[in-house]
Amino acid sequence: EDVITKGALMSFQTQNGLTVDGLPGAQVWTSLLADAASSKLNANPYVYVVVSKTVPQTLTLYNNGAAQFTSIPVNTGAPGADTADGTYPVFEHVPSSRMQGTNPDGSTYDDPNVPWASYFNGGDALHGFPRASYGTPQSNGCVEMAISDAAQVWPLTPVGTLVTVVGPTI
């Protein structure tokens with residue numbers, strides 16, 4: 001098993017109303033064989049997201065191999081709350097999310113209606129967030145973007161979408 005296979009399984013499970021765990025259990029095989037026998041195709045395009053932590057920080061979204069959105073300005077984790085490098089499948093996809101936690105300086109935050117959230121690594125998510133600027137590390141580990149950009153990205157990042165975060169460590 002690798003992250004690509006896990007993401008594909010999660011996408012398949014979501015589309016078929018199965019428990020989403022990224023594991024090829026009996027229900028997955030039964031559904032997969034039934035879909036193959038009926039020539040059912042994948043309902044979603046293949047989407048892949050790359051987040052660059054090199055300043056200015058950006059997001060690029062590939063849709064079926066072609067760059068659909070390029071150089072969307074984003075904010076990744078501030079020092080002490082770095083966004084981890086790696087490739088992760090989206091595991092939760094919600095139009096709005098309550099985000100709570102502790103900042104690196106010890107203060108707390110409680111944002112009740114964070115829009116367009118696609119969680120990909122623990123509490124880290126692609127999402128909209130109002131900031132004065134984008135392109136530098138200033139989040140608590142998430143990948144923040146302007147709400148208007150997040151509204152365009154979110155419909156294309158359902159459960160199973162792979163998100164790769166790459167760049168220098170702060």
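Two strands pair if DSSP finds at least two bridges between them. With that in hand, let's explore this predicted model.

Q: In what order do the 9 strands of the open sheet stand?
A: General background helps here: strands of a sheet pair through backbone hydrogen bonds, either parallel or antiparallel. In this model the pairing is mixed. Reading across the open sheet, the order is β4-β9-β1-β2-β3-β8-β7-β6-β5.

Q: Which are the edge strands, pairing on one side only?
A: Look at the two ends of the order, which begins with β4 and finishes with β5. Each of these strands pairs on one side only. The edge strands are therefore, given that pairing takes at least two bridges, β4 (86–89) and β5.

Q: How many degrees does the twist average from one strand to the next?
A: Picture stepping across the open sheet of 9 strands. From each strand to the next there is a twist, and its average is 35°.

Q: Do β5 and β6 run parallel or antiparallel, and how many residues lie between them?
A: There are 9 bridges joining β5 to β6, and the two run antiparallel. One bridge matches M99 with D111 in β6. The strands form a hairpin, where G106 in the turn has a positive phi of about 95°. So to the direction and the count, using the rule that two bridges are enough for pairing: the strands are antiparallel, and the residues between them number 5.

Q: Which residue in the turn of the β6 and β7 hairpin has a positive phi?
A: β6 and β7 pair in the antiparallel sense over 3 bridges, and Y119 has A125 in β7 as its bridge partner. Between the two strands of this hairpin lie 2 residues. The turn residue with a positive phi, about 60°, is G122.

Q: Which residue in β8 stands opposite H127?
A: β7 pairs with strand β8 (residues 143–145) in the parallel sense, over 3 bridges. Opposite H127 in β8 stands E144.

Q: Are α1 and α2 roughly parallel or roughly perpendicular to each other?
A: The axes of helix α1 (residues 3–15) and helix α2 (residues 26–37) come within 11 Å and cross at roughly 75°. Angles of 65 to 115 degrees count as roughly perpendicular. The two helices are therefore roughly perpendicular.

Q: Which residues of α1 and α2 make the contact?
A: By class, the contact has 4 nonpolar, 2 polar and 1 charged residues. On the α2 side are V28, S31, L32 and D35, and on the α1 side are L9, F12 and Q13.

Q: Which element gives the most to the lining of the largest pocket?
A: The largest pocket holds about 390 Å³ of space and is lined by 23 residues, with A8, S11, Q15, N42 and N44 nearest its centre. The lining divides into 13 nonpolar, 8 polar and 2 charged residues. Both α1 and α2 supply at least two residues. The element giving the most, with 6 residues, is α1.

Q: Which element gives the most to the lining of the second largest pocket?
A: About 280 Å³ of space lies in this pocket. It is lined by 18 residues, and nearest its centre are Y109, D111, S139, N140 and E144. Two or more residues each come from β5 (92–102), β6 (108–121) and β7 (124–128). With 3 residues, the element giving the most is β6.

Key:
Residues are numbered from 1 along each chain as its sequence is written. This is a predicted model: local features need pLDDT of at least 70, side-chain atom pairs count only at pLDDT 80 or more; totals for chains, interfaces and linings use all residues. Side-chain values use heavy atoms; hydrogens and water are left out. Axes are lines fitted to C-alpha atoms, for helices over the stretch in contact, and angles run from 0 to 180 degrees between N-to-C directions. Helices (H or I, at least four residues) and strands (E, at least two) are DSSP runs, numbered from the N terminus. Angles under 35 degrees count as roughly parallel, over 145 as roughly antiparallel, 65 to 115 as roughly perpendicular and the rest as oblique. Contact means heavy atoms within 4.5 Å. Ala, Val, Leu, Ile, Met, Phe, Trp, Tyr, Cys and Pro count as nonpolar, Asp, Glu, Lys and Arg as charged, and the others, Gly among them, as polar. On a 1 Å grid over the protein atoms alone, a cavity is a set of points where a 1.4 Å probe fits but cannot get out, and a pocket is an open set with protein on both sides within 12 Å along at least five of seven lines; lining residues have an atom within 4 Å of a point. Grid points are joined across faces, edges and corners, and a volume is the space filled by probe spheres set on the points.
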